[in-house]
Amino acid sequence: MSRRSGILEFAVLGLLRESPMHGYELRKRLNTSLGVFRAFSYGTLYPCLKTLVANGWLIEEQGNETEAAPLTGRRAKIVYRLTAEGKEHFEQLLSQTGPDAYEDETFAARFAFFGQTSRDVRMRVLEGRRSRLEERLEKMRLSLARTRERLDDYTLELQRHGMESVEREVRWLNELIESERAGRDLKGPASGEPGSRDTTSGASGGLPRPGDDSRPDTPGDTAT
């Protein structure tokens, strides 16, 4: 299985753990809720679903007949439901903390399901991601120091921009790790209590938000 196929299977299992869905709903959720899958087709999704069904991790069910158009002869949509074996497999995937959990192509998908992940696993993944980026940043700095005199202004600016992006993500990870160590998670205080956070705006909840300088960008998206 390729890494990208593995990421897609992970995300599909995670979304179906929340509730059964048909293919169109899954594709919409992957596109809108998980930006890492902004560009992929039904031709990618349906072979993935068939594989998960063959593995016994999903079952296919007929959707509500009212969703079909009887007069046109169309069948009700197939709904995909997670099996007990599928749930167990997804939980095994959630518990993994090796390098694949924090590579560029996988970290965003893993982060999207941090709400279903135990705190100790979240910490190991965040620390692994930070360590990987700190290594990358050091290599970028050394490379820039060696080649600075040979670069034109635009190439130099591009190199600086890349370094700043990595630095922002490292700062963001530092804040997330600090929050985890302090025992704060995405849910925050109960609704109505002092200090209550808004948790309706996506994966980062009340923790550092992407998009501005003081709260760095989330990891780059990867199309599947």
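Trainee: Why is L8 called buried?

Mentor: L8 has a relative accessible area of 2%. Buried means under 20%, exposed means over 50%, and partly exposed lies in between, with a 1.4 Å probe and only protein chains considered. The value for L8 falls under the first cut-off, so L8 counts as buried. Before we go on, please keep in mind that this is a predicted model, where local features need pLDDT of at least 70, side-chain atom pairs count only at pLDDT 80 or more, and totals for chains, interfaces and linings use all residues. Residues are numbered from 1 along each chain as its sequence is written, and side-chain values use heavy atoms, leaving out hydrogens and water.

Trainee: Where does L8 sit, and how far is it from L30?

Mentor: L8 belongs to helix α1, residues 3–18. Helices here are DSSP runs of H or I with at least four residues, strands are runs of E with at least two, and both are numbered from the N terminus. L8 and L30 are 22 residues apart along the chain, and 8.9 Å separates their C-alpha atoms.

Trainee: What makes the buried residues of α2 lie on the same side?

Mentor: In helix α2, residues 23–32, the buried residues are G23, L26 and L30. They cover an arc of only 60° around the axis, so they share the same side of α2. The arc is taken from the directions that run from the helix axis to the C-beta atoms.

Trainee: Why is R4 given another label than buried?

Mentor: R4, also in α1, has a relative accessible area of 40%, which means it is partly exposed. R4 also has a partner from far along the chain: E105 is 101 residues away in sequence, yet the two C-alpha atoms are 7.4 Å apart.

Trainee: How do you know which class L94 belongs to?

Mentor: L94, in helix α4 (residues 84–94), has 5% relative accessibility, so it counts as buried. Its contacts, meaning heavy atoms within 4.5 Å, include F10, R17, R110 and F113, not counting residues up to four places away in sequence. Q116, T117 and V121 are also among them. The C-alpha atoms of L94 and G14 are 9.2 Å apart, with their positions 80 residues apart along the chain.

Trainee: Why are α5 and α6 described by their direction relative to each other?

Mentor: Helix α5 (residues 104–112) and helix α6 (residues 119–147) pack at about 150°, with 12 Å between their axes. Angles under 35 degrees are roughly parallel, over 145 roughly antiparallel, 65 to 115 roughly perpendicular, and the rest oblique. The pair is therefore roughly antiparallel. On the α5 side, D104, F107, R110 and F111 meet V121, V125, L126, R129 and R136 of α6.

Trainee: What makes α6 and α7 roughly antiparallel or roughly parallel?

Mentor: Helix α7 spans residues 153–181, and its angle to α6 is about 155°, with the axes 9 Å apart. Axes are lines fitted to C-alpha atoms, for helices over the stretch in contact, and angles run from 0 to 180 degrees between N-to-C directions. α6 and α7 are therefore roughly antiparallel.

Trainee: What is the overall make-up of the protein, and how many helices and strands are there?

Mentor: The protein has seven helices and three strands, in the order α-β-α-α-β-β-α-α-α-α from the N terminus. Of its 224 residues, 38% are buried. Among contacts with a separation of 6 or more, 60% come from residues 24 or more positions apart.
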